[in-house]
Amino acid sequence: MKIEEVKSTTKTQRISAHSHIRGLGLDEEQRAIRNAGGLVGQEQAREAAGIVVELIRRKKMAGRAVLLAGPPGTGKTALALAIAHELGSRVPFCPMVGSEVYSTEIKKTEVLMENFRRAIGLRMKEVKEVYEGEVTEMTPTETENSYGGYGKTVSHVIIGLRTVKGAKQLKLDPSIYETLQKEKVEIGDVIYIEANSGAVKRQGRCDAYATEYDLETEEYVPLPKGDVHKKKEVVQDVTLHDLDVANARPQGGQDILSIMGSLIKPKKTEITDKLLREINKVVNKYIDQDFIMGARITRSDFRFVYTDEPHTTRRKEMLQKYPQIKKLMGYDWRIAVQVVVTVLIQIIMAILVRDLSWKYVWLFTYVISGTLNHSLSISFHEIGHNLAFGNHRPIANRILGYIANLPLCIPSSVTFKKYHIDHHKFQGDDMLDPDLPTHFEAWLFQSRLGKIFYIIAQPLLYGVRPLLRVPKPVTLLEVINLLIEIIFDIIVICVLGRKSFIYLLFGSLLGLGLHPISGHFISEHYVFVEGYETYSYYGPFNYLTYNVGYHNEHHDFPNIPGYSLPKLKKIAPDYYDNLPCHTSWIKVLIDFVLNPDLGPKSRVRRTIRSNALILNNAIDLKNKSKVNEVLHDVTDNNNNTQLSRDERKLINKKKHSGKQNISSSIQLTNGEHLKNE
């Protein structure tokens with residue numbers, strides 16, 4: 001009696017120290033079970049890892065990393081493997097050992113790059129013409145070897161496929177038979193064969209065989225519906241490294257030298273930098289064309305950084321190097337004069353246009369009212385920083401804001417101040433910066449046409465976005481602003497008529513939309529040059545817009561009026577002359593629309609400050625003293641200072657003591673700088 005051993009068809013896996021890990025071992029409430037999933041103990045670490053897994057599943061971990069720190073033998077590697085098991089086999093997981101990287105004969109950067117690309121997975125979808133069904137027959141046909149000898153070769157293979165609707169018998173090329181053998185296809189398996197390329201994919205065992213007592217764990221799939229020959233949406237999970245290897249394999253010719261070379265020399269793959277760039281280019285193209293699943297989410301991702309905004313650091317350095325900058329701080333009465341003059345011009349123009357024909361009304365609305373109303377909206381920026389009458393006259397600044405708001409016909413001056421201060425305090429923060437576009441905006445306005453509509457819709461988006469991102473309760477000043485604006489609008493309609501009201505209202509909508517001055521919305525913080533998140537504009541429109549184009553200068557010193565920002569640039573040319581800048585807002589708008597790398601997603605995002613507030617239970621921003629304390633800690637950590645909390649409290653106490661000539665200096669522990677208050 002002849003007895004043959006039946007070998008397992010499942011993929012063998014090397015037994016190692018962590019082969020028993022099957023998951024994190026968490027219950028339905030995401031609490032760790034002491035002995036589960038191959039892990040024992042470390043309940044808190046496992047629960048924390050469960051939070052990481054949930055964040056990854058919700059696509060909230062893009063661009064982030066997890067650091068597991070601890071002495072040897074505490075389960076760091078086991079936790080990493082457990083996270084990979086929880087995410088499933090389709091999520092690529094690439095373990096690395098430092099000693100193996102060090103001992104390789106190739107460049108260490110190449111080893112790291114290969115492993116990084118092994119860990120970046122793509123789920124590609126494509127509609128293909130396929131033959132799909134359950135294998136009912138697989139018969140190879142052999143013929144005599146054409147090169148002579150006693151061996152035989154497979155000339156073709158006959159395969160039968162069956163679906164719910166019918167069956168077909170196919171005659172396949174011998175190369176496909178080799179693929180069938182590699183996929184270990186047997187009768188009863190459900191497969192599909194691509195009609196164009198001949199690629200074979202085994203989907204699993206037909207569920208009709210599920211009653212068999214198989215010792216191996218087999219994946220059963222239902223019998224396919226429809227015809228055998230069909231068009232099917234194929235989903236493939238690959239990594240960037242898979243694409244690198246597939247494209248690096250040498251393609252042998254049909255001449256005798258190529259045949260002999262393929263028999264004698266082992267096939268080697270060489271992945272060059274040029275090949276990597278080409279593959280990245282093709283993958284990005286597929287993402288843009290939605291061939292890669294999840295492309296919408298990918299394109300909505302912003303540019304995350306893990307450093308704080310640069311202006312606080314630069315401000316401290318500049319004050320230390322150029323103390324005369326302090327003389328520029330304060331307020332400027334010219335802001336109030338320009339606001340009043342502009343408002344009077346708008347009221348006079350509203351009176352004059354009521355007797356004009358409609359074509360001239362619309363012409364003046366876009367050219368004159370659009371420009372002047374946009375200028376008044378930018379005056380909210382200066383007034384919001386109390387630069388018109390100073391911090392000691394807040395009511396005067398608010399009244400000037402009400403006056404500047406009149407020709408715009410939409411109440412916004414008080415609301416702008418309330419949210420704009422947070423833009424300075426939390427610049428680029430993923431949760432708290434009200435100026436950042438939402439993910440929906442980044443997804444919706446991607447194409448060139450979409451970006452044109454994005455510019456047109458700026459008045460709506462600029463007004464609604466803060467209410468959605470960081471909603472705040474309505475204040476009494478906002479109610480007063482609303483009532484004043486309603487009364488003014490009614491007076492204009494009743495006394496001057498429809499044309500005057502349209503001149504003022506649509507001057508705001510058109511001027512803040514597709515208008516040359518609207519380039520400042522895009523030029524200020526959209527990433528035109530990698531590594532820079534704030535840009536200045538030096539051009540003629542600054543005369544109409546209170547020098548808002550000097551945006552790097554303004555973020556460095558928000559308490560310097562716009563009229564004095566050119567002087568700041570002259571004082572510290574070494575800080576500003578080498579920064580990338582704009583000279584034309586019209587060119588900014590054109591580049592924004594035509595450049596595929598620019599869009600609503602082209603904004604720097606960070607989570608340093610919001611994460612710090614979350615850890616200190618101050619994310620609601622209600623306790624202002626606690627918020628300021630946390631933000632000071634973040635700033636000091638970012639600047640590598642060692643100022644203690646007690647020292648900071650002493651500074652704040654002396655700062656608000658009311659004494660005019662108190663000056664104290666605190667020596668930092670690094671012995672290099674002095675902080676004067």
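Accessible areas were obtained by the Shrake-Rupley method with a 1.4 Å probe, and for residues only the protein chains shown count as cover. On this basis the accessible surface of the chain comes to about 39,800 Å², of which 58% belongs to carbon and sulfur atoms. The model is predicted, so that local features need pLDDT of at least 70 and side-chain atom pairs count only at pLDDT 80 or more, whereas totals for chains, interfaces and linings use all residues. Residues are numbered from 1 along each chain as its sequence is written, and side-chain values use heavy atoms, with hydrogens and water left out.

Of the 677 residues in the chain, 40% are buried (under 20% relative accessible area, with a 1.4 Å probe and protein chains only). The secondary structure comprises 27 helices and 15 strands, taken as DSSP runs (H or I of at least four residues for helices, E of at least two for strands) numbered from the N terminus.

The largest nonpolar core, a set of buried Ala, Val, Leu, Ile, Met, Phe, Trp, Tyr and Cys residues joined through side-chain atoms within 4.5 Å, holds 19 residues, of which Ile335, Val339, Leu376, Leu400 and Ala404 touch the most other members. Two or more residues of this core are given by each of α11 (334–352), α12 (358–384) and α13. Val339 is in contact (heavy atoms within 4.5 Å) with Leu376, Ser379, Ile383, Leu400, Ala404 and Tyr546, residues up to four places away in sequence not being counted. Another core, of 14 residues, lies apart from the largest one and includes Leu170, Tyr177, Ile191 and Val228.

Terms used
Buried means under 20% relative accessible area, exposed over 50%, partly exposed in between (1.4 Å probe, protein chains only).
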